Amino acid sequence: MKLLLIEDETRMAQALTEILRQEHYEVDHCGNGLAGLDAAESNIYDIIILDLMLPGKNGFDIAREVRKSGIRTPILMLTAKSGLDDKVLGLDSGADDYLTKPFMARELLARLRALARRNINSTDGSLSFADISLDSGASSLSCTATGQSVRLSEKEYRILEYLIANQGQILSREQLALKIWGYESEAEYNNVEVYMSFTRKKLAFVESKTAIKAVRGIGYELRWEDV
């Protein structure tokens with residue numbers, strides 16, 4: 001799971017990044033509001049951890065602009081402000097949860113797990129679209145119409161997971177490359193096309209009518225082809 005941490009306090013950011021990576025989260029860090037907003041609007045993250053008081057742009061404004069862009073990524077707001085009015089304003093700005101500093105690491109991790117479950121919107125660890133379903137435990141793809149299933153590689157699973165979570169949207173090759181391979185990877189865009197081909201073959205294997213369509217010059221989207 002890929003997290004974006006927007007936090008300007010260096011020691012706090014380093015400590016949180018270490019804790020999160022020990023829990024096997026992928027973490028990208030931004031130290032100011034403007035860079036944080038740019039990263040958040042890339043729409044490649046599963047959860048955004050957002051400090052309130054930031055140089056350049058505060059957390060309230062970042063949350064508002066992220067939601068205005070149509071991005072539904074869960075936002076956990078961190079702040080030293082504990083007043084009720086600040087909490088209400090944070091939630092009304094678009095945050096999904098609010099954690100007051102100082103806090104215990106285990107509470108942060110519990111809230112992240114809760115947000116992750118809410119984002120998947122499933123009680124059994126699966127994601128679905130039209131006639132297909134992903135099982136996170138088995139890393140498998142199933143077709144509900146044919147009853148067939150197939151195991152997915154890590155990259156294939158993450159591609160379908162990202163497409164399903166953003167169904168109805170066209171995702172660019174850049175978004176997919178950043179989401180699946182990350183900022184520090186040297187992966188090129190042709191890797192996206194190669195793994196798209198692999199993933200399409202898995203959809204064909206289970207005889208699904210769900211297709212990954214390439215939108216020329218823009219990117220990819222999931223479509224249901226019930227013809």
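**Close-up views of a predicted model**

**View A. An aromatic cluster that includes Phe198.** Phe198 has a relative accessible area of 35%, so it counts as partly exposed. Like everything in these views, this residue is seen in a predicted model. Phe198 belongs to one aromatic cluster together with Trp181 and Tyr195. Across the whole structure, a search finds two aromatic pairs. In one of them, Trp181 meets Tyr195 edge-to-face, with 5.7 Å from centre to centre and 65 degrees between the planes. This pair brings together distant parts of the chain, as Trp181 sits in helix 7 and Tyr195 in helix 8, 14 residues apart. Is Trp181 buried or exposed? Trp181 is buried, with a relative accessible area of 18%, and the limit for buried is under 20%. Tyr195, at 25% relative accessibility, is partly exposed. The rings of Tyr195 and Phe198 are also edge-to-face, because their planes stand at 80 degrees, with centres 5.3 Å apart. Here both partners lie in helix 8, three residues apart, which is about one turn of the helix.

**View B. Helix 7 and its surroundings.** Let us now follow Trp181 back into its helix. Helix 7 covers residues 173-181, and seven of its nine residues are buried, so the rest of the structure largely encloses this helix. Which residues of helix 7 are buried? They are Gln175, Leu176, Ala177, Leu178, Lys179, Ile180 and Trp181. Just after helix 7 comes Gly182, which has a positive phi, near 90 degrees.

**View C. Lys155, a neighbour of helix 7 residues.** Lys155 is found in helix 6. Which residues does Lys155 touch, apart from those up to four places away in sequence? Its contacts are Ile180, Trp181 and Tyr195. Two members of the aromatic cluster, Trp181 and Tyr195, are therefore also among the residues that Lys155 touches, and one of these, Trp181, is buried at 18% relative accessible area. For a sense of scale, Lys155 and Leu16 lie 27 Å apart in space, C-alpha to C-alpha, and 139 residues apart in sequence.

**View D. Salt bridges across the chain.** How many salt bridges does the structure hold? There are 16. One of them joins Glu26 to Lys2, whose closest N and O atoms are 3.1 Å apart. This pair spans distant parts of the chain: Glu26 is in strand 2 (residues 26-30) and Lys2 in strand 1 (residues 2-6), 24 residues apart. Glu26 is partly exposed, at 32% relative accessible area, whereas Lys2 is buried, at 2%. Another salt bridge pairs Lys202 with Glu156, and here the closest N and O atoms are 2.7 Å apart. Again distant parts of the chain are linked, with Lys202 in helix 8 (residues 189-205) and Glu156 in helix 6 (residues 154-165), 46 residues apart. Lys202 and Glu156 are both buried. Lys2 and Glu26 also take part in one network with Glu154 and Arg158, joined by salt bridges that share partners.

**View E. A salt bridge within helix 5.** Arg111 and Glu107 form a salt bridge, with 2.8 Å between the closest N and O atoms. Why are the two separated by about one helical turn? Both belong to helix 5 (residues 105-120) and they are four residues apart, so about one turn lies between them. Arg111 is partly exposed, with a relative accessible area of 23%. Glu107 is partly exposed as well, at 32%.

**View F. Two nonpolar cores.** In soluble globular proteins, nonpolar side chains tend to be buried together. The largest nonpolar core here has 48 residues. Which of them touch the most other members? They are Leu4, Leu50, Met77, Leu134, Leu141, Met196 and Ile212. Helix 6 contributes the most to this core, with six residues. Look closely at Met77: beyond its neighbours within four places in sequence, its contacts include Leu50, Leu52, Phe60, Ala63, Tyr98 and Leu99. Met77 is also in contact with Gly59, Gly90, Ala95 and Asp97. A second core, separate from the largest, has 18 residues, among them Leu5, Ile49, Phe103 and Leu109.

How values were computed. Residues numbered from 1 in each chain as written. Predicted model: local features only at pLDDT ≥ 70, side-chain atom pairs only at ≥ 80, totals over all residues. Heavy atoms only, no water. Buried < 20%, exposed > 50% of the residue type's maximum accessible area, 1.4 Å probe, protein only. Salt bridge = Lys/Arg side-chain N within 4 Å of Asp/Glu carboxyl O. Phe/Tyr/Trp six-rings, centres within 6.5 Å; stacked < 30°, edge-to-face > 60°. Core = buried A, V, L, I, M, F, W, Y, C linked by side-chain atoms within 4.5 Å. Contact = heavy atoms within 4.5 Å.
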